[in-house]
Amino acid sequence: MPKNRIEAFTDAVIAIVMTLLVLELHEPNGDTFLAFEGNAHQFVIYLVSFISLAIYWNNHHHLFHMVKKVDGLVLWMNNLLILMMTLFPYVTVWVTDYPTSLVPQLFYGLVILGADVAYYLLGLALVRCNGKDSAIGRLFSHYTKMWITIGLNIVALLAGWLIHPLLVIGINGVMLLLWFIPEKQLEKYAN
């Protein structure tokens with residue numbers, strides 16, 4: 001099965017999800033900085049969600065640049081990742097409406113955790129399909145950044161539950177710094 005079909009489909013879905021995300025971003029009720037300040041939390045949450053989706057798209061692109069083939073399991077793991085990404089507009093709006101409430105923050109954190117786990121499972125499916133000696137196999141044999149991310153997702157959920165709900169999006173927002181710079185290992189193994 002050619003990998004370009006899965007890449008094109010995923011690109012289209014992520015573009016739609018990002019469009020839905022921005023459609024839920026409402027303008028301030030006025031033309032002053034004070035009016036913007038009233039909506040600043042909405043803008044920050046939107047940025048965290050948008051940057052998260054952009055990072056998933058960038059890394060998805062790098063993953064598929066490294067592989068030669070895909071199979072049915074890869075398709076299903078990719079669909080799982082897409083499912084998690086399509087939930088971003090839903091949880092982003094919910095957190096925007098109730099930024100200091102525990103349940104929306106926990107659901108937001110669970111969607112991020114689900115997307116990270118789905119990305120990892122997609123990588124494992126690609127390794128299974130392309131072999132442990134392939135570029136993707138070498139990358140996933142010691143992909144500690146992924147484990148750190150999943151661990152920090154769990155810490156964010158626990159901190160939000162036990163200390164304050166804003167820590168969920170706060171920790172996940174800071175965690176984006178780990179991924180903002182493209183993964184050097186992806187570039188190393190892709191060559």
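Helices here are DSSP runs of H or I with at least four residues, numbered from the N terminus. With that in hand, let us walk through this predicted model, starting in helix α4.

**Helix α4 and its surroundings**

Threonine 96 is found in helix α4. Its relative accessibility is 12%, so threonine 96 counts as buried. Which residues does threonine 96 touch, once neighbours within four places in sequence are left aside? The partners are His41, Gln42 and Ile45.

Threonine 96 has company in this helix: α4 spans residues 88-97, and its buried residues are Phe88, Pro89, Val91, Thr92, Val95 and Thr96. The buried residues of α4 pack against α1 (3-23), α2, α3 (72-86), α5 (102-130) and α8 (166-180).

**Serine 49 in helix α2**

Helix α2 covers residues 33-66 and includes serine 49. Is serine 49 buried or exposed? With a relative accessible area of 0%, serine 49 is buried. Its side chain makes a polar contact of 2.7 Å with the side chain of tyrosine 108. Beyond neighbours within four places in sequence, the contacts of serine 49 are Leu21, Phe88, Thr92 and Tyr108. Two of these names should look familiar, since Phe88 and Thr92 are among the buried residues of α4.

**The salt bridge**

How many salt bridges does the structure hold? There is one, and it is formed by the side chains of aspartate 71 and arginine 128, at 3.2 Å from N to O. Aspartate 71 sits in the loop between α2 and α3 while arginine 128 belongs to helix α5, so the pair ties together parts that are 57 residues apart in sequence. In general, side chains of opposite charge can pair when their charged atoms come close.

The two partners have their own exposure classes. Aspartate 71 counts as buried because its relative accessibility is 19%, and the cut-off for buried is under 20%. Arginine 128 is exposed, with a relative accessible area of 51%, where exposed means over 50%.

**Helix α7, helix α8 and a nonpolar patch**

On the surface, Ile154, Leu158, Trp161, Leu162, Ile163 and Leu167 form a nonpolar patch, and together they have about 660 Å² of accessible area. Helix α7 (residues 144-162) gives the largest share of this patch, four residues.

Leucine 167, one of the patch residues, is found in helix α8. Leucine 157 lies in helix α7. These two leucines are ten residues apart in sequence, and their C-alpha atoms are 7.9 Å apart in space. Leucine 157 counts as buried, at 13% relative accessibility, whereas leucine 167 counts as partly exposed, at 30%. Not counting residues up to four places away in sequence, leucine 157 touches Leu106, Gly109, Leu110, Leu113 and Val168.

For easy reference, here are the individual residues discussed above.

| Residue | Relative accessibility | Class |
|---|---|---|
| Serine 49 | 0% | buried |
| Aspartate 71 | 19% | buried |
| Threonine 96 | 12% | buried |
| Arginine 128 | 51% | exposed |
| Leucine 157 | 13% | buried |
| Leucine 167 | 30% | partly exposed |

**Confidence of the prediction**

Finally, a word on confidence. The protein has a mean pLDDT of 90, and 94% of its residues reach 70 or more. Which elements have the lowest and the highest mean pLDDT? Helix α9 (residues 184-190) has the lowest, at 61, and α3 has the highest, at 97.

How values were computed
Residues are numbered from 1 along each chain as its sequence is written. This is a predicted model: local features need pLDDT of at least 70, side-chain atom pairs count only at pLDDT 80 or more; totals for chains, interfaces and linings use all residues. Side-chain values use heavy atoms; hydrogens and water are left out. Helices (H or I, at least four residues) and strands (E, at least two) are DSSP runs, numbered from the N terminus. Buried means under 20% relative accessible area, exposed over 50%, partly exposed in between (1.4 Å probe, protein chains only). A polar contact is a pair of N or O atoms within 3.5 Å; within protein, one must be able to donate a hydrogen and the other to accept it, and residues adjacent in sequence count only if both atoms are side-chain atoms. Contact means heavy atoms within 4.5 Å. Patches are made of residues with over 30% relative accessible area and no salt bridge: like charges are joined within 9 Å, nonpolar side chains (Val, Leu, Ile, Met, Phe, Trp, Tyr) within 5 Å. Accessible areas come from the Shrake-Rupley method with a 1.4 Å probe; for residues, only the protein chains shown count as cover. A salt bridge is a side-chain nitrogen of Lys or Arg within 4 Å of a carboxyl oxygen of Asp or Glu. pLDDT is the predictor's confidence in each residue, from 0 to 100.
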